[in-house]
Each structure stands twice: as structure tokens, then as C-alpha cells.
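Q: I should like to learn how to read the sheets, helices and pockets of a protein model. May we go through them one by one?

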Amino acid sequence: MKRILSLVLALAMVCAVLTACGGGSKGDGGQNGTKSTGKETNSITVGIPQDLDSSLDPYQLTAAGTREVLFNVFEGLVKPNASGEFVDAVASEHSISEDGLTYTFTLRDGVVFHNGKTVTTEDVLYSFKTCAATSVEDSLKAALSDVTVTAPDDKTIQIVLPKPSVEFLSYVSSVYIVPNDYKDQATKPVGTGPFKYVSRSVQENVILEKNADYYGTPASLDKVTLRVFEDTTAMVTALRAGTLDLCFRLAVENTKKLPENLTVLEGTQNLVQALYLNNAHAPFDNEDVRKALCYAIDVQAVMDMVDDGHGQRVGSAMYPNFEKYYDPSLENTYSYDPEKAKQMLADAGYPNGFSFTITAPANYTTHVNTATVILEQLKEVGVTANIKEIEWSTWISDVYLGRNYEATVIGFDAANLTAAAMLERYTSTADKNMFNYKNEEYDKTYAAAAAATDDAEATALYKQCEKILADTAANVYLMDLPLFVAIDKDLTGYQFYPLYVQDLSTLSWK
């Protein structure tokens, strides 16, 4: 009865969050806007829940929301498609030597940057050198640190590895090709993708337009305007008012009572949502306390209340669509057992529980709602959690970069289709280890996985890394969130990817 009452209270609080939040967006939410005329102008207006990074330099992208938009602007020699396969992009073809050490790429004829310059081997060499030196992705920098990149002629790029790498092609896809003599990538990015960057108004919008010189299948739309809504309520209001043609990453509540001209598509977000804990902050520096929280939280109930049961449960730092590395058995590492949680807390020196703060990004309704349900569940084991909502930019600076937090609810995605994209951040010295997780066995296992030249061996070691994270309760792993997309019924061609990207080039008006 106590649990049922708690869940009812949580549901009430979730409803309050959805109806009472305000501020954060400079837009009018569509209340004073005009109906979309996208079909007549062959353009669309898209609602996005956060502004892009302050720097749009392709090697400095921090937020997943920025990468998913600029996927349409930048390309590598190869790029992933909707099936997770790597297809030739700036390169017209590629080959890998039998020993796995030499990758050879042939530049595609007629590839033109958005500034009108034709792509040359000099641009490719510059891109690899710059990415290796400046990328914020530690695993990408490491993968490029000891390779030799040369141009035997004006059509060929050759990359020689010191040892075979089972994931190297994925890293190649993350090296976006940019012009070697262009210095304004941070503010006016230039790539080779199907859309080119036009402008941005901070906290307002980002405008892309069709790249008429694109070498491949051109985009159908002439223009895309991405409107920034740091406040979810304002975005949903605009959607219902008809001033938006497309919104992705909506919470399930946001998909209800939409106008008849909109349809809802469902996928998963390809991320790992969790109650992430600062392992350097007491009491989360105690493994038994972290395990107690895992037993205290009913993940299925969270899924039921926040997303009407949608989404997929996870047990560690890997999402299900990444099938090669996903271990479904870890989902059952901790069963819901509040009595066991209370006993573990007492044994760890917290018989009366403790208090802590969950710092959550206010612009992500689902994460705030999840924190709200968790708060109620933890009361049953004597733990008091408070929720502190902050703006996204503050979350990035204080929580993600500054590590100044106790706990947070967020989702982590993969920047590329490598296990390292999800698991490298848990190594003790990783810049992205915002959890301050330190485990000698994990570091050794990860190092062995990264060094393995046999694919099966590497896969088994990466799965062992995931098991260590689960067994030591590095965090309270919850789910891969459902991805709800509201789209005008006259728009076709939307595709779900196994990565955190949005491909706007496949969309067209009927």
C-alpha cells in the first residue's frame, strides 16, 4: 500500500511538472506565431529542446543535440547509414589490407565544400591532423594518435595502423572533412553534407539550407529552421499551434492531444539513461550505498509512470540497439527489493538513510519526470532526494565539465559506433569521467579490450567492462528512452538510426 501511495504521489508530481514549468525559451511557443507554410515553401520548422554548443567546430562538439543536427552538415570519408553500416561518403571507395593495417580511400570526384572549394587530399590530411590534435573525444584522439596518414597521389588517402583495430572504420567516420584554409568553423561551420549552415540566433534558432552542389542524393527540402525551446511546454504549445512541422525526442505525455495533421513515430533514443552518481562524493563513494539505491529503485515502475511502459531497460552502460556489445543478462543484476536496500544502507552506516540532491536539466522533461518518480521511491528506504532543475548550459558547465554535483538524471549516447564511445568515459583518467568512477580492474579490462586485435576477444572484454560497471553499481542504470517523433502527416522519409542523429536529407513533402 505504501508503494502504491508513493507511485500515485509521483504521478501527481509528474503532472505538475508538465503543466507548471515556464520560462527558459525566448520563443512565444507559437501562441503569437503563424501556421507553418512549409509545404508551400518546401521548408520545415523543427522544434529542438536545447541550443547548440557555443562552438560549432566539428572536433569540439560536446552535446549530443549539437552532433545530431550537424550530422547534416559534416561528413567523413565514410559515414553510417540507418542500418548502422558504413557507406562511402567523401571517399568513393575504400579497401582494407588482409593484415588489417592499411586502409586505402579514393576521393570522390566533384565533392565541393559549402564555401565552394573542391575537396582535395590536402583537406583530408589537414582534417585528420587537426582532429587527432584537438578532438574532445578521448577515444577518437587515441585511435588517431599513432596512425600514419598520407596521400600517395591527388586522389588517394592511405592510413597505416601500428596494429589492427576492429573499430577503426567507425573512427574514420568521425573525422569530419573540412577545408584546410578555413578558420571560422566555430561560428560558421563548413562541411560537405547535404545541408549547409546559414545562421543561428543564440537561444532562438539555427537555419540550414539545401546544398545544391551535393555529390550524392540531394536533400528534398530547400530550408530547415530549427527553433530552440529550452522549455518543453512552450515547444509542445508551438507544435499544437501548428507553427512546427517536426519535433523529436518528445516525452510520451507530449504526444497526446496533438492536432490531426500530426502523426507520432516511435523508436528508441540510443542512449543510456541513469541516475548518475558522483562516486567521489559521500555517500556515493561507498559501493554498498550505490548498490542499495539499485535495489531501492523499481525501474519498471519508472518506465510505466514516465513513459507509459515504453523504452527498454538496461543494466549497464550500453544501449540495446548496439547489439554487438549489449549484454541483456545485466538487466537483472538488481531486482527491486526495498527491504534489502534498507538492510544494505544500515550495514553501510546509514540506518536512517541520508539526503542528497539530483541536479537535472530543466529542458529535458523526461529526465525531470524520472527524477521525480525516483525521489518518491527512495522515500520508502529512508533516503530523501531533492530535485534541483537548472538550465542546460549550466548543467554542461557545472555538472558535466565541473563535476560539481551529487547525482543527476541524464542520458549518454555514442558519438560513433564503437564500444569505446560508451565505455571509455569510465576509465580513471578520462576527461569525460564525470562520475569520478575509479576501478583498477575496469581500467585493465578496458585497456585489454582497446588493444585487442581479434574482434571476438575485444567484444568479450568490452562486455566484461559492462559487467564490472553493473557489479560495482557505478550508477543506477535505468533504460534506453523511447524516442517519440511528432511529424506532419504530409512529411515522409523520416528514418531512425542506431546513433543519436537526425537525418534531415531524407525528408520530403508528399
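Q: Which strands does helix α7 lie across?
A: The model is predicted. In it, helix α7 (residues 232-241) lies across β1 (43-48), β10, β11 (246-250), β12 and β19 (482-488). Its direction is at about 145° to β11.

Q: In what order do the strands of the sheet with β8 and β12 stand?
A: The order is β8-β9-β10-β1-β11-β19-β12, an open sheet of 7 strands with mixed pairing. At its edges are β8 and β12 (262-268), each of which pairs on one side only. From one strand to the next, the twist averages 20°.

Q: How many bridges join β8 to β9?
A: Strand β8 (residues 195-201) and strand β9 (residues 205-210) run antiparallel and are joined by 6 bridges. One pair to look for is K196 with its bridge partner E209 in β9. The hairpin of these two strands has 3 residues between them, and Q203 takes a positive phi near 65° there. On to the next strand, 5 bridges join β9 to β10 (residues 223-228), again antiparallel. Here V206 has L226 in β10 as its bridge partner.

Q: Why is one side of β4 and of β6 left without a neighbour in the sheet?
A: The sheet in question is open and antiparallel, with 4 strands in the order β4-β5-β7-β6. β4 (91-96) and β6 (148-153) stand at its edges and have a single partner strand each, so one side of each lacks a neighbour in the sheet. Neighbouring strands are turned by 20° against each other on average, direction ignored.

Q: What stands opposite V149, and which helix lies across β6?
A: V149 stands opposite I159 in β7. β6 and strand β7 (residues 156-160) pair in the antiparallel sense over 4 bridges. Helix α4 (residues 121-134) lies across β5 (102-107), β6 and β7, and runs at about 175° to β6.

Q: How much space lies in the largest pocket, and which residues lie nearest its centre?
A: Rolling a probe the size of a water molecule over the atoms shows where empty space is left. In this model, the largest pocket holds about 470 Å³ of space. Its lining consists of 25 residues, with A142, A143, Y171, A450 and A451 nearest the centre. The elements giving two or more residues to this lining are α5 (138-145), α6 (168-174), α14 (440-451) and α15 (455-471). α14 provides the largest share, 5 residues.

Q: How many residues of that lining are nonpolar, polar and charged?
A: The lining of the largest pocket has 18 nonpolar, 2 polar and 5 charged residues.

Technical notes:
Residues are numbered from 1 along each chain as its sequence is written. This is a predicted model: local features need pLDDT of at least 70, side-chain atom pairs count only at pLDDT 80 or more; totals for chains, interfaces and linings use all residues. Side-chain values use heavy atoms; hydrogens and water are left out. On a 1 Å grid over the protein atoms alone, a cavity is a set of points where a 1.4 Å probe fits but cannot get out, and a pocket is an open set with protein on both sides within 12 Å along at least five of seven lines; lining residues have an atom within 4 Å of a point. Grid points are joined across faces, edges and corners, and a volume is the space filled by probe spheres set on the points. Ala, Val, Leu, Ile, Met, Phe, Trp, Tyr, Cys and Pro count as nonpolar, Asp, Glu, Lys and Arg as charged, and the others, Gly among them, as polar. Two strands pair if DSSP finds at least two bridges between them. Axes are lines fitted to C-alpha atoms, for helices over the stretch in contact, and angles run from 0 to 180 degrees between N-to-C directions. Contact means heavy atoms within 4.5 Å.
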